[in-house]
Every structure is written in C-alpha cells, then in structure tokens.
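Here is a short briefing to read with the structure open beside you. It goes through a pair of strands, some helix packing and a pocket.

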Amino acid sequence: MVGVPESHTGWTFITSHARVLAAIADNPNVRIRDIAARCRLTERAVSRIIADLEQAGYLSHTREGRTNTYRVEPDKVLRHPAEAGLPVASLLSLLVQDESERTRKPVAP
C-alpha cells in the first residue's frame with residue numbers, strides 16, 4: 001500500500017475507531033485486511049471495531065458474495081458530550097479528504 005506511514009507509539013489525536021470508519025467511508029467495499037494495513041491494526045482489532053461501530057449504529061453491512069459492502073450512517077451524532085449534535089459526516093469529511101490529499105500524486109507542471 002502506497003503512502004502508509006510507519007508504526008507509531010504514544011498517543012494520537014484520532015482513535016482507531018475513527019480511522020476504521022474513515023477507511024470504510026473512503027471505500028465501502030474495502031476488505032478488513034486492507035483496513036488493517038491502512039490503519040496499522042490487526043485484522044482482529046478491525047473486526048472488533050467494525051462490530052462496535054455496527055452495534056452503535058454508525059455502520060451497517062450487506063454481504064454480496066464473498067464481499068461486504070458497508071454503509072456509514074452520516075447523520076449519526078458523535079458520542080462524546082463535547083461534540084453533542086455534531087454528525088459523524090463532519091468528522092469523516094475531514095478525515096477522508098485528508099487521506100485523499102495525502103495519497104494523491106503531485107501533478108507535474
């Protein structure tokens with residue numbers, strides 16, 4: 001995978017749940033293996049996070065053959081009281097845009 005940063009230790013601003021949700025928002029047909037590589041998590045951790053997100057109503061999936069197609073609920077509000085009323089779409093718009101810009105190849109002049 002191009003543009004994947006090295007492993008990181010210590011705290012970060014973005015949670016693993018937000019990273020997984022952003023990866024799915026960027027590609028609803030993404031494989032757990034690819035999410036794990038992109039987010040620097042194990043496949044088992046990604047599976048648990050997806051289960052958490054589905055249980056909380058932020059995410060759902062349908063099975064199409066051997067592939068899952070995920071659907072993010074953009075109007076679901078963020079969980080922390082400090083972000084009361086802020087929809088998940090607001091957060092994802094920043095994260096998905098950032099990921100797209102990071103992986104975009106520079107255009108030659």
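Two strands are taken as paired if DSSP finds at least two bridges between them. Please keep in mind that this is a predicted model. With that in hand, strand E1 (residues 59-64) and strand E2 (residues 67-72) are a good place to begin, since 6 bridges join them.

**The strand pair**

- E1 and E2 run antiparallel, and together they form a hairpin with 2 residues between the strands.
- If you look into the turn, you will find glycine 65, which has a positive phi of about 65°.
- Two of the pairings can be followed by residue: threonine 62 has threonine 69 in E2 as its bridge partner, and histidine 61 has tyrosine 70 in E2.

**Helix H1 against helix H3**

- Two packed helices are described by the angle between their axes and the distance between the axes.
- For H1 and H3, the packing angle is about 85° and the axes lie 10 Å apart.
- Angles of 65 to 115 degrees count as roughly perpendicular, so H1 is roughly perpendicular to H3.
- On the H1 side of the contact are Ser16, His17, Val20, Leu21 and Ile24, which meet Val46, Ile49, Ile50, Asp52 and Leu53 in H3.
- By type, the residues of this contact between H1 and H3 divide into 7 nonpolar, 2 polar and 1 charged.

**Helix H2 against helix H3**

- Helix H2 (residues 32-39) also packs with H3: their axes come within 9 Å and cross at roughly 105°.
- H2 and H3 are therefore roughly perpendicular to each other.
- Here Ile32, Arg33, Ile35 and Ala36 in H2 meet Glu43, Val46, Ser47 and Ile50 in H3.
- The contact of H2 with H3 is made up of 5 nonpolar, 1 polar and 2 charged residues.
- Val46 and Ile50 of H3 are worth finding on screen, as they appear in the contact with H1 and again in the contact with H2.

**The second largest pocket**

- The second largest pocket holds about 470 Å³ of space.
- It is lined by 19 residues, and those closest to its centre are Thr15, Ala18, Leu78, Arg79 and Leu91.
- Helix H1 (16-26), helix H3 (43-55) and helix H4 (88-103) each supply at least two residues of this lining.
- Among the contributors, H4 gives the most, with 4 residues.
- The lining of this pocket comprises 12 nonpolar, 4 polar and 3 charged residues.

Terms used: Residues numbered from 1 in each chain as written. Predicted model: local features only at pLDDT ≥ 70, side-chain atom pairs only at ≥ 80, totals over all residues. Heavy atoms only, no water. 1 Å grid on protein atoms, 1.4 Å probe; cavity = no way out; pocket = protein on both sides within 12 Å on 5 of 7 lines; lining within 4 Å. Points joined across faces, edges and corners; volume = space filled by probe spheres on them. Nonpolar A, V, L, I, M, F, W, Y, C, P; charged D, E, K, R; others polar. Axes fitted to C-alpha atoms, helices over the stretch in contact; angles between N-to-C directions. Parallel < 35°, antiparallel > 145°, perpendicular 65-115°, else oblique. Contact = heavy atoms within 4.5 Å.
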